[in-house]
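Trainee: I have a structure open and want to learn how to read it. Can we go feature by feature?

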Amino acid sequence: MKCDHCPHDAVTFIRYNGAHLCAHHFMKYVEKRVKREIRRQIDLKPGDKVAVAVSGGKDSMVTLHLLNETFRDRDDIEIHCITIDEGIEGYRPSSIEIVKRYCASNDIPFHLVTFKDMFDLTMDQVAPLSGDNSPCTYCGVFRRKCMNTVAKEIGANYLATGHNLDDMSQSIMMNFVRGDVERLARLGPHKKVQPGLIPRFAPLRSIPEKESLLYAMVSGLEYHDLTCPYWEEALRNQYRSVVDDLESRSPGSKFSILSSYDQLYPMLTENYKAAKLNTCECGEPTLGKRCKACELSERMHDLIDR
Ligand code: SF4
Ligand code: ZN
């Protein structure tokens with residue numbers, strides 16, 4: 001099959017719009033939509049710094065690469081990379097090397113933050129003690145704090161994450177089915193956030209996971225594709241299969257889920273106004289007195305000391 005736009009062979013058939021695209025036109029197609037997403041989600045001003053949360057997996061590498069390509073010629077916008085080392089032997093070190101190599105060859109400031117330095121813990125210590133909670137519950141809370149702290153330290157105006165269309169449509173469905181409308185309202189993207197938090201955005205928000213993977217492959221990006229040893233068959237996987245099933249029966253369903261959410265978003269935020277936040281002793285914003293990360297880290301240290 002040939003590309004719809006040139007005589008080259010197509011590398012993909014996009015089911016939801018019937019397009020056959022060669023590598024070059026597929027990349028252009030993704031880049032155009034990502035640029036539109038960036039414009040839609042944030043208002044970049046001269047002098048702004050964008051931090052990108054990069055694990056080394058395909059989505060975060062594609063996000064870093066596309067932001068770097070988009071702003072390569074802009075001297076007034078800085079792109080920084082933040083990578084977190086959760087302390088998972090046999091898994092995390094090799095992905096950190098991939099991110100470091102990309103940053104070194106593209107002159108991107110690279111910031112590494114470790115759970116060890118932040119909490120004096122590693123996920124290899126936490127996972128066996130996490131009990132009824134999944135290790136990912138701890139990991140996610142610790143990671144959010146690391147990200148926010150480092151993004152503030154480097155003076156970032158925005159924090160980009162690698163969430164793609166599949167992640168978004170699964171989260172929307174999950175909160176919808178659980179009836180958790182408040183959490184639904186918090187999915188964002190938010191142009192304004194509370195003091196102490198860095199506004200997040202997701203450039204791949206409307207890019208299906210398959211396209212993110214294909215983009216990484218055809219653009220020759222190096223990425224890490226090992227699975228974390230603590231990754232669990234989580235509730236999210238139920239929604240992954242529900243959403244994938246909808247998409248295969250009616251191509252375009254993932255987009256429709258996202259676009260319905262975007263249309264509802266102004267009403268959701270009107271009804272669920274963000275609560276006023278306090279400051280935890282560690283400096284992070286929190287709903288209560290102490291932030292979740294401080295609470296969970298103390299609980300872990302108690303278990304380790306027992
Ligand atoms: Fe952390 Fe869970 Fe991701 Fe592993 S799978 S890195 S434990 S959130
Ligand atoms: Zn705290």
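**Reading the model**

Mentor: Start with helix α2, residues 58-71: its 14 residues reach 20 Å from the first C-alpha to the last, close to the 20 Å expected at 1.5 Å a residue. Keep in mind that this is a predicted model.

Trainee: How many residues of α2 are buried?

Mentor: Buried means under 20% relative accessible area. In α2, twelve of the 14 residues are buried, so by that cut-off the helix is mostly covered. Among them are Met 61, Val 62, Leu 64, Leu 66, Leu 67 and Phe 71. Charged and polar residues are on the list too, including Lys 58, Asp 59, Ser 60 and Asn 68.

Trainee: Next, charge. How do I read a salt bridge?

Mentor: Side chains of opposite charge can pair when their charged atoms come close. A search of the whole structure finds 25 salt bridges. Take Asp 9 and Lys 2: their closest N and O atoms are 2.8 Å apart.

Trainee: Is Asp 9 buried or exposed?

Mentor: Asp 9 is exposed, because its relative accessible area is 52%. Its partner Lys 2 has 47%, so Lys 2 counts as partly exposed.

Trainee: What about a pair inside one helix?

Mentor: The general idea comes first. An α-helix has 3.6 residues a turn, so residues three or four places apart point the same way. Now the case. Glu 37 and Arg 40 both lie in helix α1, three residues apart, about one turn of the helix. Their side chains meet in a salt bridge, at 3.6 Å from N to O.

Trainee: How covered are Glu 37 and Arg 40?

Mentor: Glu 37 is buried, with a relative accessible area of 7%. Arg 40 is partly exposed, at 42%.

Trainee: Which salt bridge links distant parts of the chain?

Mentor: Look at Arg 143 and Glu 86, whose side chains meet at 3.7 Å, N to O. This pair links distant parts of the chain, 57 residues apart. Arg 143 sits in helix α6, residues 135-153, and Glu 86 in the loop between β4 (78-85) and α3 (92-106). Glu 86 is buried, with a relative accessible area of 2%. Arg 143 is at 32%, so it counts as partly exposed.

Trainee: Which residues does a network of salt bridges join?

Mentor: Glu 37, Arg 40, Arg 205 and Asp 262 form one network, through salt bridges that share partners.

Trainee: Where does positive charge gather on the surface?

Mentor: Find Lys 32, Lys 35, Arg 36 and Arg 39, which form a patch of positive charge on the surface. Arg 39 belongs to helix α1, residues 23-41. Its relative accessibility is 59%, so Arg 39 counts as exposed.

Trainee: Now the backbone. What should I look for in phi?

Mentor: Look for exceptions to a rule. Most residues other than glycine have a negative phi, and most peptide bonds are trans. Asp 107 has a phi near 55°, a positive value in a residue other than glycine. Asp 107 is in the loop between α3 and β5 (110-114). At 73% relative accessibility, Asp 107 counts as exposed.

Trainee: And what is the phi of Asp 120?

Mentor: Phi of Asp 120 is also positive, near 55°. Asp 120 lies in the loop between α4 (115-119) and α5 (123-126). At 43% relative accessibility, Asp 120 counts as partly exposed.

Trainee: Last topic: separation along the chain against separation in space. How far apart in space are Leu 197 and Pro 285?

Mentor: Their C-alpha atoms are separated by 7.1 Å, though these positions lie 88 residues apart along the chain as a sequence separation. Leu 197 is in the loop between α8 (181-186) and β7 (200-201). At 35% relative accessibility, Leu 197 counts as partly exposed.

Trainee: How does Ala 23 sit relative to Ala 10 and Ile 257?

Mentor: Ala 10 and Ala 23 are 13 residues apart in sequence and 7.0 Å apart in space, C-alpha to C-alpha. Ala 23 and Ile 257 are 234 residues apart in sequence and 28 Å apart in space. Ala 23 lies in helix α1, and Ala 10 in the segment before β1 (12-14). Both count as partly exposed: Ala 23 at 27%, Ala 10 at 24%.

Conventions: Residues are numbered from 1 along each chain as its sequence is written. Chains are lettered from A and ligands numbered from 1 in the order in which they are written. This is a predicted model: local features need pLDDT of at least 70, side-chain atom pairs count only at pLDDT 80 or more; totals for chains, interfaces and linings use all residues. Side-chain values use heavy atoms; hydrogens and water are left out. Patches are made of residues with over 30% relative accessible area and no salt bridge: like charges are joined within 9 Å, nonpolar side chains (Val, Leu, Ile, Met, Phe, Trp, Tyr) within 5 Å. Accessible areas come from the Shrake-Rupley method with a 1.4 Å probe; for residues, only the protein chains shown count as cover. A salt bridge is a side-chain nitrogen of Lys or Arg within 4 Å of a carboxyl oxygen of Asp or Glu. Lys and Arg count as positive and Asp and Glu as negative; His and the chain ends are not counted. The place of a charge is taken as NZ of Lys, CZ of Arg, CG of Asp or CD of Glu. Helices (H or I, at least four residues) and strands (E, at least two) are DSSP runs, numbered from the N terminus. Buried means under 20% relative accessible area, exposed over 50%, partly exposed in between (1.4 Å probe, protein chains only). The expected span of a helix is 1.5 Å times one less than its number of residues.
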